[in-house]
Each structure stands twice: as structure tokens, then as C-alpha cells.
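Reader: Hello! I am new to this structure and would love a close look at a single part of it, taken slowly.

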Amino acid sequence: MKVLLINGSPHAGGNTYTALHEMEEIFGQEGVETEIIHIGNKDIRGCIGCGSCKKTGKCVFNDSVNETAPKFEECDGLVAASPVYYASANATLIAFLDRLFYSTPFDKTMKVGASVVAARRGGLSSTFDELNKYFTISGMPVASGQYWNSIHGAAPGEAAQDAEGLQTMRTLARNMSFLMKSIHLGLEKYGLPQKEEVQRTNFIRPTV
């Protein structure tokens with residue numbers, strides 16, 4: 001079992017990292033390998049809708065997205081973590097996730113996803129919902145904790161004082177570990193769920 005933890009904060013050792021590190025400790029106890037990838041301070045541009053990835057299987061911009069893609073394919077779970085900016089995730093993380101999910105052709109079904117958010121006070125729930133959209137559109141079960149996966153802190157390190165937030169991260173990591181292991185056993189016995197041919201309907205149609 002392996003989990004990738006994507007740190008979308010520009011501060012490598014900030015409150016978002018505090019949350020991820022708390023999870024990392026539990027994953028270790030559960031025998032789950034982890035890797036934290038810090039992308040929040042990198043120059044990552046957004047998707048330009050060029051369609052090149054449909055032909056080549058990778059993004060036209062050769063940066064952290066293409067470096068992470070093979071790790072994403074091999075992992076059993078992905079945690080996307082971000083600070084809250086204007087009730088939304090860090091734009092760098094969104095650009096990264098847009099391109100990572102869109103440009104990778106492999107089947108993501110039954111990889112486990114989890115989102116983690118950190119803020120001084122508000123905007124946590126909307127950011128949490130925003131990040132979960134990447135998982136639910138990809139057939140990835142979403143791991144839950146004992147509350148929405150959030151932690152509070154303003155100055156770097158303050159999140160370490162949020163006892164409930166830290167407990168939420170530990171619970172999330174345990175639940176995610178259980179879910180990944182259970183899915184692994186299920187795949188061995190039952191395989192992946194049957195897939196139908198995708199039906200795509202557009203809302204705008206030409207007039208007759």
C-alpha cells in the first residue's frame with residue numbers, strides 16, 4: 001500500500017504540512033508507505049485545453065505534473081491538501097490537479113482519495129468540497145474521518161494546537177488505510193466493478 005500526499009501550500013512546513021505529517025505517522029503505523037509531494041511553491045500553469053495529452057498520454061507542459069503521474073498510477077491512495085484562499089484551494093494546487101487528472105489516461109477506479117484543508121477560520125467546507133470533486137468524477141472512493149477533514153491555524157505551527165483537527169487527521173488516516181486494504185482484498189476476490197460504455201450528452205444542441 002502506498003499513499004501520495006500532495007501539499008498544495010506554498011509553505012513547506014506550514015499548517016497544511018502539520019496535518020499531513022499527523023496522517024503520515026498513522027499511515028506508518030498501518031504499514032502504508034507514504035510520499036509527500038510539495039507543489040504549492042512551484043511554477044505550475046493551468047490547463048490550456050490543447051488536447052495534446054489525448055495523443056501522447058502526458059501533459060504538454062513537462063513539469064511536476066508529468067513527474068507525479070507515474071507515482072499516481074502506482075499508488076493506492078491520494079491525499080490533496082491545501083490552505084484556504086478566499087474560500088477556495090490554492091490556485092497552484094488546482095492547476096496541478098486539473099492537469100494531473102485530465103492528462104493521465106490510466107483508470108483511477110478504486111484508488112482512494114481524501115482532501116485536507118487548513119485555515120485560520122473560515123472557508124474550509126467549500127475548499128473541502130472543491131477538492132473532493134477530482135475523486136468523485138474519477139471513480140475514486142472518498143475516505144472520511146470523524147468530521148470534515150480540516151485543521152485550524154494562522155501562523156505556521158499553530159495547527160499543532162488544534163487537538164480536534166489533529167485527531168481528525170489521525171482518524172482519516174486510519175479510515176483511509178482500512179479502506180485501501182479492504183479494496184485490495186475485494187479486487188483480489190471480485191475484480192473491478194463492471195463498466196458501461198460512457199454516455200455523453202451535451203446540453204446545447206443545434207436547432208433543427
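Reader: In which loop is Ile39 found? Please start there and show me what surrounds it.

Author: Happy to! Keep in mind that this is a predicted model. Ile39 sits in the loop that runs between strand 2 and helix 2, the latter being residues 52-56. Despite its place in a loop, Ile39 is counted as buried, because its relative accessibility is 0% and the cut-off for buried is under 20%. If you follow the chain for 13 residues from Ile39 you come to Ser52, and the C-alpha atoms of these two are separated by 23 Å.

Now look at what Ile39 touches. Leaving out residues up to four places away in sequence, its partners are Ile6, Asn7, Gly8, Ile44, Ser64, Thr92, Leu93 and Phe96. Two of these names lead us onward: Ser64, which is one of the buried residues of helix 3, and Phe96, which belongs to the largest nonpolar core.

Let us take Ser64 and helix 3 to begin with. Along with Ser64, the buried residues of this helix are Val65, Asn66, Thr68, Ala69 and Phe72. The cover over them includes strand 1, strand 2, strand 3 and helix 4. At the start of helix 3 there is a nice detail to zoom in on: a side-chain oxygen of Asp63 comes to within 3.0 Å of the backbone nitrogen of Val65.

Asp63 has another partner. Its side chain makes a polar contact, at 2.9 Å, with the side chain of Arg99, a residue of helix 4. You may wonder whether Arg99 is buried or exposed. Arg99 is buried, because its relative accessible area is 2% and buried means under 20%. Setting aside residues up to four places away in sequence, Arg99 touches Ile44, Arg45, Gly46, Cys47, Cys59, Phe61, Asp63 and Val65. Ile44 thus appears again, having been listed among the partners of Ile39.

Next comes Phe96 and its core. The largest nonpolar core has 30 residues, and Phe96 is among those with the most contacts inside it, together with Phe72, Leu78, Leu97 and Phe101. Two or more residues of this core come from each of strand 1 (2-7), helix 3 (64-74), strand 3 (77-85), helix 4 (91-103), strand 5 (112-119) and helix 5 (124-136). Helix 4 contributes the most, with 7 residues. To see how the core is knitted together, try Phe101: beyond its neighbours within four places in sequence, Phe101 is in contact with Phe72, Leu78, Lys108, Tyr134, Phe135, Ser138 and Met140. Apart from this core lies another, made of 24 residues, among them Leu20, Val32, Ile151 and Met176.

For contrast, finish your tour at the loop between strand 3 and strand 4 (88-89), where you will find Tyr86. Tyr86 is exposed, because its relative accessible area is 86% and the cut-off for exposed is over 50%. Its phi is near 50°, a positive value in a residue other than glycine. Most residues other than glycine have a negative phi. Ala87 lies in that loop between strand 3 and strand 4 as well, and it too is not a glycine yet has a positive phi, of about 60°. With 38% relative accessibility, Ala87 counts as partly exposed.

So, back to your starting point: Ile39 is buried at 0% relative accessibility, and Ser64 and Phe96 are among the residues it touches.

Notes. Residues numbered from 1 in each chain as written. Predicted model: local features only at pLDDT ≥ 70, side-chain atom pairs only at ≥ 80, totals over all residues. Heavy atoms only, no water. Core = buried A, V, L, I, M, F, W, Y, C linked by side-chain atoms within 4.5 Å. Buried < 20%, exposed > 50% of the residue type's maximum accessible area, 1.4 Å probe, protein only. Helix = DSSP H or I, 4+ residues; strand = E, 2+ residues; numbered from the N terminus. Contact = heavy atoms within 4.5 Å. Polar contact = N/O pair within 3.5 Å; in protein donor to acceptor, adjacent residues only side chain to side chain.
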